[in-house]
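Colleague: Could you walk me through this one, and show me the criterion behind each label as we go?

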Amino acid sequence: MRAFQFSKPKGPGFGISSDFFLSVLSSHASLPAILAVINPHAEGGAVEGFGVPLSPQAEKKALGQPLERGAYGIASKDRKTVLRMLVISKDEAGFDPEVVAKHSELLGVTGDLLNRIRATWTLLQLRFESHDPAVYPALDFMLAISTRLGTLTEGAIADPVSQRYLLPSEVFHAPRLNPLVDAREHVATHNRVEPQGLRVFTKGLQKFALPELEISALSPGYEGRAGAFLLGTAQRVLEGNLLQSGTKLGRFSVAEGGLDRGLWEGIPCYELLPPTALTAAEALEP
């Protein structure tokens, strides 16, 4: 069947990077049909839109048959956003569920989420081929497709860029911080202990070709407060309030960061610096 053909859109201040992708880890050996995932009238709980196998040998009846190894095109109903979905086995993807389950990203993860990751049979990888110029509808479409796939396959959603795994019910946040976009759906905060103190940083803004954010030299116990501050800043950025060096954020100033090459090699980053008279922890106090 023919692939979708669309022109490349322009973004509003920021767009969507080619680094942005999600993987659905299916725990089912048999996959749903593309029509159960997406169809023009959202029948049966599917997402509204269009989906087709990208193999030139595929016939129309393939739409009602279980997904198979290969590539699929998935388009929103207005055709402003197009995703490419690749269906591959865990072995072909080099995905070892037990190795992943023991990774540091999953420390503290238990219960249903961990069980689903360990039960992975197939990966369904989603990337943008083109997106709505408004960006936000495209993000919602990607999240809706991943949620639907995760629900139908009793799977987990892997977000490699923000370095986290989610249950389908955890993808969308309700209520949202803003009806258009919620940073918590795309960005996560992480922390690490260093000789000079605690470093708290975001992962996920690079999905939009935007710099990540970090605060360093924090006192122990400030990871929650710093994480909330960074997520609040990320929210304002995704609402269109882009940062640059010298921008003031409360008591902090935005400066070029990313000096830790092991953490930020190839990834732009802004560091939020407190005034010279205050520590980073003091600058976070009310």
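Colleague: What makes a polar contact with the side chain of T202?

Modeller: The side chain of E212 does, at 2.7 Å. A polar contact is a pair of N or O atoms within 3.5 Å; within protein, one must be able to donate a hydrogen and the other to accept it, and residues adjacent in sequence count only if both atoms are side-chain atoms. The 2.7 Å value lies within that 3.5 Å limit, so the label applies. Some ground rules: this is a predicted model, where local features need pLDDT of at least 70, side-chain atom pairs count only at pLDDT 80 or more, and totals for chains, interfaces and linings use all residues. Residues are numbered from 1 along each chain as its sequence is written, and side-chain values use heavy atoms, leaving out hydrogens and water.

Colleague: Why does T202 count as buried?

Modeller: Buried means under 20% relative accessible area, exposed means over 50%, and partly exposed is in between (1.4 Å probe, protein chains only). T202 has 0% relative accessibility, so it counts as buried. T202 is found in strand β10; helices (H or I, at least four residues) and strands (E, at least two) are DSSP runs, numbered from the N terminus. Leaving aside neighbours within four places in sequence, T202 is in contact (heavy atoms within 4.5 Å) with V187, A188, T189, E212, L213, L230 and W264.

Colleague: What is the order of the open sheet of six strands?

Modeller: The order is β9-β10-β11-β14-β13-β12, with mixed pairing. Two strands pair if DSSP finds at least two bridges between them. β13 (residues 252-256) and β14 (residues 269-273) have four antiparallel bridges, and four meets the requirement of at least two, so they pair. One bridge partner is L273, for S253.

Colleague: Which helix packs on the sheet?

Modeller: Helix α6 (residues 223-238) does, touching β9, β10, β11, β12, β13 and β14. The direction of α6 makes about 155° with that of β11; axes are lines fitted to C-alpha atoms, for helices over the stretch in contact, and angles run from 0 to 180 degrees between N-to-C directions.

Colleague: Why is β1 described as largely enclosed by the rest of the structure?

Modeller: Six of the six residues of β1 are buried, so the description fits. F21, S23 and L25 are buried on one side, and L22, V24 and S26 on the other. β1 also pairs antiparallel with β6 over six bridges and with β7 (residues 156-159) over three.

Colleague: Why is the aromatic pair of F20 and F128 called edge-to-face?

Modeller: Rings of Phe, Tyr and Trp (its six-membered ring) pair if their centres lie within 6.5 Å; planes under 30 degrees apart count as stacked, over 60 as edge-to-face and the rest as tilted. F20 and F128 are 5.5 Å apart, centre to centre, with 65° between the planes, and 65° is over 60, so the pair is edge-to-face. F20 is in the segment before β1 and F128 in strand β6, 108 residues apart.

Colleague: How do you know that F20 and F208 form an aromatic pair that is edge-to-face too?

Modeller: Their centres are 6.0 Å apart and the planes make 80°. F208 lies in the loop between β10 and β11, so this pair ties together parts 188 residues apart in sequence. F14, F20, F128, Y136 and F208 form one aromatic cluster.

Colleague: What sits over the ring of F50?

Modeller: The charged end of R79, 4.3 Å from the ring centre. The rule asks for NZ of Lys or CZ of Arg within 6 Å of the ring centre and within 35 degrees of the ring normal. R127 sits over the ring of F21 in this way, also at 4.3 Å.

Colleague: Which residues have a phi worth a second look?

Modeller: Most residues other than glycine have a negative phi, and most peptide bonds are trans. V135 has a positive phi of about 70° and E154 has one near 50°. V135 is buried at 1%, whereas E154, at 44%, is partly exposed.

Colleague: Where is there a cis peptide bond?

Modeller: Between A174 and P175, with omega about -5°. P175 lies in the loop between β8 and β9.
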